Amino acid sequence: MNQMLESNTKDRLQNETIYCQILEYSVETIFLHVDQKILYINQAGADFLKGSKKDIIGANPLCIIPDFYKPKITERIQKAMMAAGPIEVIEQSIARLDGTFVDVEFYCQPVQFGGRKAIQTGLRDITKRKNSERQLNEREKLASIGQMAVGIAHEVKNPLTSVKGFLQLIKETNTHPYLLAMESELEKAIDTLQNLLQVSKPNLYSEPITKIDLCKELSSLIFLFQDKLYNTEIEMDLRNSDKMIIGKKNLFLKAFFNLIKNALEAVPEKGKIRIEHYFRDDCIYVKISDNGIGIPKDKIDFLGTPFYSSKGEGTGLGLTQVFTTVKEYGGTVQVESELGIGTTFLVKLPLHPTSC
Ligand SMILES: Nc1ncnc2c1ncn2[C@@H]1O[C@H](COP(=O)(O)OP(=O)(O)OP(=O)(O)O)[C@@H](O)[C@H]1O
Ligand SMILES: [Mg+2]
């Protein structure tokens, strides 16, 4: 009898060792607990919880649960104890041993361990997914504010344009000194609205579509930044000047103006900006690189979204204008950036058919 018991215990211990070895290979956090005591945790789990196995084994599993959620998790552990299989997965924020919080998927299931029923709890890190969900929400919010703003701009611009017309009529018979000031303020307001409309819907902007010699235009554009060029070195490498693109010239000038302006605003004193133009695989490429502050990785997806700006004085419409204009003419914009190193915007545009 004693021999049989001994052999059963030996088998059980052997099975448990194999079971723990399998758990040890998991890349996810897995721990086994019973009666508010952790019996085993795998190495991935100890690393994820920022502690050592020694610190964690023997501790109460609720020690990683923020106080507010403790009753909920206690209830789940009890539920898992009564269940025959895994219970539903929940999302939960937990506190690691170094005090940092992290979002996880939390799943529990009853298992046999140590000769009795215990709970196997698994934690799956969902920080990345949560961050992208947050970013997507923020981006959608910004995009809908942008759409609303464009709608309002459209509605307000028409009556303001009529007011401007009436003001001009009044000016013909009146010389009141305020009339000039009123007219100039009104023009500023109409310009701002026009700008917003142009940025979001470049096809509404009436300008003939022409062949554009980007090499020539980029060379002239630089002169608009004369005042900033004392402190910044601009390197130009403009090749394949015989190749042209097609589009609305002023819109493209504005787009490249916006990209160069951003680069100038990003570089420190004595910073460097490089502008390249070249032809490859039937497309024209314009590359604007700077050695400025760079863009945080989690903000790259925000670029081009109306009103996204990290600058106190920025409107956050510059890149929206760039992205919409380039896209309108079948092009693409690629951004590469590293914090503290610099940023590169690569604009790819289809070639004008007659300059092939
Ligand atoms: N070359 C760059 N280097 C670093 N950050 C950049 C660069 N270009 C754009 N950004 C980031 O993208 C954001 C959006 O740029 P965008 O041109 O749309 O607006 P803005 O420059 O903030 O304002 P505005 O163009 O109206 O003056 C900027 O606020 C900045 O955070
Ligand atoms: Mg800008």
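Biologist: In this predicted model, how far does a polar side-chain atom of T343 lie from a nitrogen atom of ligand 1?
Modeller: Look at the side chain of T343, which offers a polar atom to ligand 1. A pair of N or O atoms counts as a polar contact within 3.5 Å. The distance from T343 to the nitrogen atom of ligand 1 is 3.5 Å.

Biologist: How much of the accessible area of ligand 1 does the protein cover?
Modeller: Start with ligand 1 on its own, which has 600 Å² of accessible area. Then add the protein. The share of that area covered is 93%.

Biologist: Which residue has a side-chain N or O atom 2.5 Å from an oxygen atom of ligand 1?
Modeller: Ligand 1 has 21 residues around it. The nearest include K311, T315 and L319. G316 puts a polar backbone atom 3.3 Å from an oxygen atom of ligand 1. The side-chain contact at 2.5 Å belongs to S309.

Biologist: Now the largest pocket. How much space lies in it?
Modeller: Its lining has 36 residues. N262, E265, S309, K311 and G316 lie nearest its centre. The space in the pocket is about 840 Å³.

Biologist: Which element gives the most residues to the lining of the largest pocket?
Modeller: Elements that give two or more residues are α6 (177-200), α8 (249-266), α9 (318-328) and β12 (342-350). Domain 2 (130-200) and domain 3 (209-355) each supply at least three lining residues. With eight residues, the top contributor is α8.

Biologist: How many residues of that lining are charged?
Modeller: Sort the lining of the largest pocket by residue class. The nonpolar group holds 14 and the polar group 16. The charged group holds six.

Terms used:
Residues are numbered from 1 along each chain as its sequence is written. Chains are lettered from A and ligands numbered from 1 in the order in which they are written. This is a predicted model: local features need pLDDT of at least 70, side-chain atom pairs count only at pLDDT 80 or more; totals for chains, interfaces and linings use all residues. Side-chain values use heavy atoms; hydrogens and water are left out. On a 1 Å grid over the protein atoms alone, a cavity is a set of points where a 1.4 Å probe fits but cannot get out, and a pocket is an open set with protein on both sides within 12 Å along at least five of seven lines; lining residues have an atom within 4 Å of a point. Grid points are joined across faces, edges and corners, and a volume is the space filled by probe spheres set on the points. Helices (H or I, at least four residues) and strands (E, at least two) are DSSP runs, numbered from the N terminus. Ala, Val, Leu, Ile, Met, Phe, Trp, Tyr, Cys and Pro count as nonpolar, Asp, Glu, Lys and Arg as charged, and the others, Gly among them, as polar. Domain bounds come from an automatic or database domain assignment. A residue is near a molecule or strand if one of its heavy atoms lies within 4 Å of it. A polar contact is a pair of N or O atoms within 3.5 Å; within protein, one must be able to donate a hydrogen and the other to accept it, and residues adjacent in sequence count only if both atoms are side-chain atoms. Accessible areas come from the Shrake-Rupley method with a 1.4 Å probe; for residues, only the protein chains shown count as cover.
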